[in-house]
Amino acid sequence: MDVLVTGTRSGLGRYLAEFFGAICVSREKPVELVLNSINKPLDAIIHCAANNLRDVSSRNLAAYLDDNIFLTEKIIRIPHRVFVLVSTIGVYPPSDAVHTEDDELWIDNLNGAYNITKLMSEAIVRDRCPHHLILRPTAMLGPYSRASSLIRILTEENSQLTLTGNSEFNYILHKDVARFIRTCLQKQILGTFNLASADKVRLDEIMCHYQRRAYFGSYHYQIGTIDNSKAKAIWSAFGKKSETIIEEYIDAFLNMSQTSASRTTTLEP
């Protein structure tokens with residue numbers, strides 16, 4: 001399977017590049033450098049790359065749009081059979097509502113430039129890529145995960161966080177996202193999917209369960225309830241609870257006595 005993955009320096013993009021043995025596109029290896037190696041339509045493009053900068057102003061807005069909107073337009077011009085866009089559940093408004101893939105979404109209801117540009121990228125892909133997968137994942141864990149609040153709680157002593165203790169997250173694993181994509185490509189399944197586990201868990205509950213100590217901040221994060229029934233029908237691992245996902249992540253990638261700098265990684269086929 002000939003696959004191109006963008007955003008391969010870290011996180012999900014790096015995992016997927018290794019999982020699929022993909023052509024890599026990143027800041028160090030921009031798309032212009034890899035075009036000469038593509039001599040036929042790719043089986044799939046998996047577009048993970050995005051700029052998640054929080055402080056966007058008139059000074060850096062042009063570069064931000066280049067990374068998040070215009071890059072999507074550039075990537076979809078590469079000949080391909082299926083275009084996979086890794087979006088975010090941030091395209092849903094922050095509320096306690098149940099969010100489904102069929103919800104009509106309004107830019108005015110979203111928080112932050114990142115979520116708005118993801119919704120715009122979704123619209124571009126739907127309009128210009130007849131065969132597409134749009135994935136809206138919740139918080140993800142894997143060997144190349146960045147230091148999220150959860151990981152800092154598990155690996156740092158007395159970590160100082162910006163989020164409140166009652167902030168709730170729904171966790172999934174990189175490996176399940178990869179296997180879901182592979183299954184969809186093999187079975188020619190298209191559409192928009194929420195990728196989520198069966199429930200949410202609070203940060204203060206995680207801290208108490210693992211007997212860690214952290215100092216919480218004042219920003220409350222909430223995601224509502226994510227309806228994952230469509231994705232779970234295709235890949236049953238999305239039926240697991242978040243606490244099970246965290247245990248799997250710890251068992252596979254974290255030595256609780258060490259920091260994230262000394263993690264070992266093993267990818268599963």
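**Exercise 1. Find which residues of helix 9 are buried, and work out how they are arranged around the helix axis.**

Solution. Start with the list: in this predicted model, the buried members of helix 9 are Ser242, Ile245, Ile246, Tyr249, Ile250 and Phe253. Now look down the axis of helix 9: these buried residues fit within an arc of 135 degrees, so they line one face of the helix. The general rule behind this is that an α-helix has 3.6 residues a turn, so residues three or four places apart point the same way. Next, flip to the face turned away from the buried side, where you'll find the exposed residues Glu243 and Asp251. Finally, a quick geometry check: at 1.5 Å a residue, the 12 residues of helix 9 (residues 242-253) should span 16 Å, and the end C-alpha atoms are indeed 16 Å apart, which agrees.

**Exercise 2. Take serine 242: is it buried or exposed, and what is it in contact with?**

Solution. First, place it: serine 242 belongs to helix 9. Its relative accessible area is 0%, and buried means under 20%, so serine 242 counts as buried. Then collect its contacts, skipping neighbours within four places in sequence: Phe169, Asn170, Tyr171, Ser197, Asp199, Lys200 and Val201.

**Exercise 3. Work out the strand order of the open six-stranded sheet and say which strands stand at its edges.**

Solution. Read the order across the sheet: 2-1-3-4-6-11, with parallel pairing. The ends of that order give the edges: strand 2 (23-25) and strand 11 (191-195) each have a single partner strand, so one side of each is left without a neighbour in the sheet. From one strand to the next, the twist averages 15 degrees.

Now walk through some of the pairings:

- Strand 1 (residues 3-6) pairs with strand 2 in the parallel sense over three bridges; leucine 4 has isoleucine 23 of strand 2 as its bridge partner.
- Strands 1 and 3 run parallel and are joined by four bridges; here valine 3 has alanine 44 of strand 3 as its bridge partner.
- Strands 3 and 4, also parallel, are joined by five bridges; alanine 44 turns up again, with valine 82 of strand 4 as its bridge partner.

As for strand 3 itself, five of its six residues are buried, so it is largely enclosed by the rest of the structure.

**Exercise 4. Establish how many residues of helix 1 are buried, and what they pack against.**

Solution. Count first: eight of the 10 residues of helix 1 are buried, so this helix is largely enclosed by the rest of the structure. By name, they are Gly11, Leu12, Gly13, Tyr15, Leu16, Ala17, Phe19 and Phe20. Their packing partners are strand 1, strand 2, strand 3, strand 4, strand 7 (139-141) and helix 6. Right after helix 1 comes glycine 21, whose phi is positive, near 55 degrees.

**Exercise 5. Describe the largest nonpolar core and trace which elements supply it.**

Solution. Begin with the residue count: the largest nonpolar core has 29 residues, and those with the most contacts inside it are Leu16, Phe20, Ile46, Ile181 and Leu195. Then ask where they come from: strand 1, helix 1 (11-20), strand 3, strand 4, strand 6 (132-137), helix 6 (174-187) and strand 11 each supply at least two residues of this core. Zoom in on leucine 16, which touches Val5, Ile46, Cys48, Ala178 and Ile181, not counting residues up to four places away in sequence. Apart from this core lies another, of 22 residues, among them Leu154, Leu161, Ala214 and Phe253.

**Exercise 6. Characterise phenylalanine 180: which helix holds it, is it buried or exposed, and which residues does it touch?**

Solution. Phenylalanine 180 sits in helix 6. At 0% relative accessibility, it counts as buried. Leaving out residues up to four places away in sequence, phenylalanine 180 touches Leu135, Phe193, Leu195, Ala231, Ile234, Trp235 and Phe238. To finish, compare sequence with space: phenylalanine 180 and alanine 237 are 57 residues apart in sequence, with a C-alpha to C-alpha distance of 9.2 Å.

Definitions and conventions:
Residues are numbered from 1 along each chain as its sequence is written. This is a predicted model: local features need pLDDT of at least 70, side-chain atom pairs count only at pLDDT 80 or more; totals for chains, interfaces and linings use all residues. Side-chain values use heavy atoms; hydrogens and water are left out. The expected span of a helix is 1.5 Å times one less than its number of residues. Buried means under 20% relative accessible area, exposed over 50%, partly exposed in between (1.4 Å probe, protein chains only). The arc is that of the directions from the helix axis to the C-beta atoms. Two strands pair if DSSP finds at least two bridges between them. Axes are lines fitted to C-alpha atoms, for helices over the stretch in contact, and angles run from 0 to 180 degrees between N-to-C directions. A nonpolar core is a set of buried Ala, Val, Leu, Ile, Met, Phe, Trp, Tyr and Cys residues joined through side-chain atoms within 4.5 Å. Contact means heavy atoms within 4.5 Å.
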